[in-house]
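I opened this model to follow its sheet strand by strand and then to see what packs against it. My entries are set down below in the order in which I looked things up.

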Amino acid sequence: MSNTSITKEVFNFLNTLKENNDREWFTENKKRFKATETVAKSVFQAIYENVQEHDDIERLKTFRIYRDVRFSHDKTPYKVNFSAGLSRSGVQLRGGYYIHIQPKGSFIAAGFWAPNKEDLLRIRKEWELDASELRDILANKNFQKTWGELTGDGVKTAPKGFSKEDPNIDLIRKKQFILVKNFNDKAVMDPKFATEVSEAFKQVRPFFDLMSNILTTDLNGASVIGQ
């Protein structure tokens, strides 16, 4: 596995950018930005290579530091973080990974951020039928130690067509299915950071395998791929 880490200068740059979030300062410090971005990209690449050892990753995408302010009240032009996503390969492998580097705010995440309405209905129908396998995965001690609880936005009561008295309503009302693990700055700067992230993502596989199976079959277990 590849080992690499974020340097102190990356955090210093992002902290200074937060205090000087304007185009004039950024232009004057473009070389500094490029140098720290290169460090961040090398960490993302190391994580990508590590995860490839236990999952089939289609691509690594490093997100731009430039903010889209067209529909935002916050008009600051730059993000104060470096981030990247890993996309799994093919229609049969569902779910995605995310890495976020920010002073006093670094974290990794995995799961389903915005299921389309068809996928969301299929997931909810599965939990209505039986959620025991998911609950077993989430209750695993090692899984709990790394990831804690399943998070994500949801409706307040019950989605249309579902009973608010359903024993699995806590899962059925979810619109997102997200796992989050936080890191302090010291951990992110540790040379083993990329390896630790990969090992955390590896623990997500039972959850991804279950969700992928659900989203590629109907309620009778028949494949819907290619239909």
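**Sheet and strand pairing**

I began with G111, whose bridge partner in β5 is I178. Before going on I noted that this is a predicted model, in which local features need pLDDT of at least 70 and side-chain atom pairs count only at pLDDT 80 or more, while totals for chains, interfaces and linings use all residues. Residues are numbered from 1 along each chain as its sequence is written, and side-chain values use heavy atoms, with hydrogens and water left out.

For the element names I kept to DSSP runs numbered from the N terminus, helices being H or I runs of at least four residues and strands E runs of at least two; two strands pair if DSSP finds at least two bridges between them. F107 also has its bridge partner in β5, namely N182, and β4 and β5 pair in the antiparallel sense over 7 bridges.

On the side of β3, I found G96 standing opposite G111 in β4, and the antiparallel pairing of β3 (residues 96-101) with β4 (residues 106-112) runs over 5 bridges. One step further, β2 (residues 82-88) pairs with β3, again in the antiparallel sense, over 6 bridges, and there I101 of β3 is the bridge partner of F82.

Taken together, the strands make an open sheet of 5 with the order β1-β2-β3-β4-β5 and antiparallel pairing. Its edge strands are β1 (57-62) and β5 (177-183), each of which pairs on one side only. Neighbouring strands of this sheet are turned by 15 degrees against each other on average, direction ignored; for such angles, axes are lines fitted to C-alpha atoms, for helices over the stretch in contact, and the values run from 0 to 180 degrees between N-to-C directions. Helix α3 packs on the sheet, where it touches β1, β2 and β3, and its direction makes about 25 degrees with that of β2.

**Burial in the strands, and one loop residue**

Here I used relative accessible area, with buried meaning under 20%, exposed over 50% and partly exposed in between (1.4 Å probe, protein chains only). Is β3 mostly covered or mostly open? I found 6 of its 6 residues buried, with G96, Y98 and H100 on one side and Y97, I99 and I101 on the other. The edge strand β5 is largely enclosed by the rest of the structure, because 5 of its 7 residues are buried.

The loop between β3 and β4 holds K104, which has a positive phi of about 60 degrees although it is not a glycine. The hairpin has 4 residues between the strands, and K104 counts as exposed at 80% relative accessibility.

**Core**

Next I looked up the largest nonpolar core, a core being a set of buried Ala, Val, Leu, Ile, Met, Phe, Trp, Tyr and Cys residues joined through side-chain atoms within 4.5 Å. This core has 59 residues, and those with the most contacts inside it are I47, F82, W127, F201 and F207. Helix α3 (residues 30-51) gives the most to it, with 8 residues. Neighbours within four places in sequence left aside, I47 is in contact (heavy atoms within 4.5 Å) with L86, I99, F193, A194, V197 and F201.

In helix α10 (residues 205-215), the buried residues include F207, F208, L210 and M211. Among the elements that cover the buried residues of α10 are β2, β3, β4 and β5, together with α4 (117-129) and α5 (132-139).

**Aromatic rings**

Last, I counted rings of Phe, Tyr and Trp (its six-membered ring) as a pair if their centres lie within 6.5 Å, with planes under 30 degrees apart taken as stacked, over 60 as edge-to-face and the rest as tilted. The structure holds 16 such pairs. Y97 and F208 form a tilted one, at 5.3 Å centre to centre and 55 degrees between the planes; Y97 is in strand β3 and F208 in helix α10, 111 residues apart. Both Y97 and F208 are buried.

F112 and F207 form an edge-to-face pair, 6.0 Å centre to centre with 80 degrees between the planes. Since F112 lies in strand β4 and F207 in helix α10, this pair ties together parts that are 95 residues apart in sequence. F112 and F207 are both buried.
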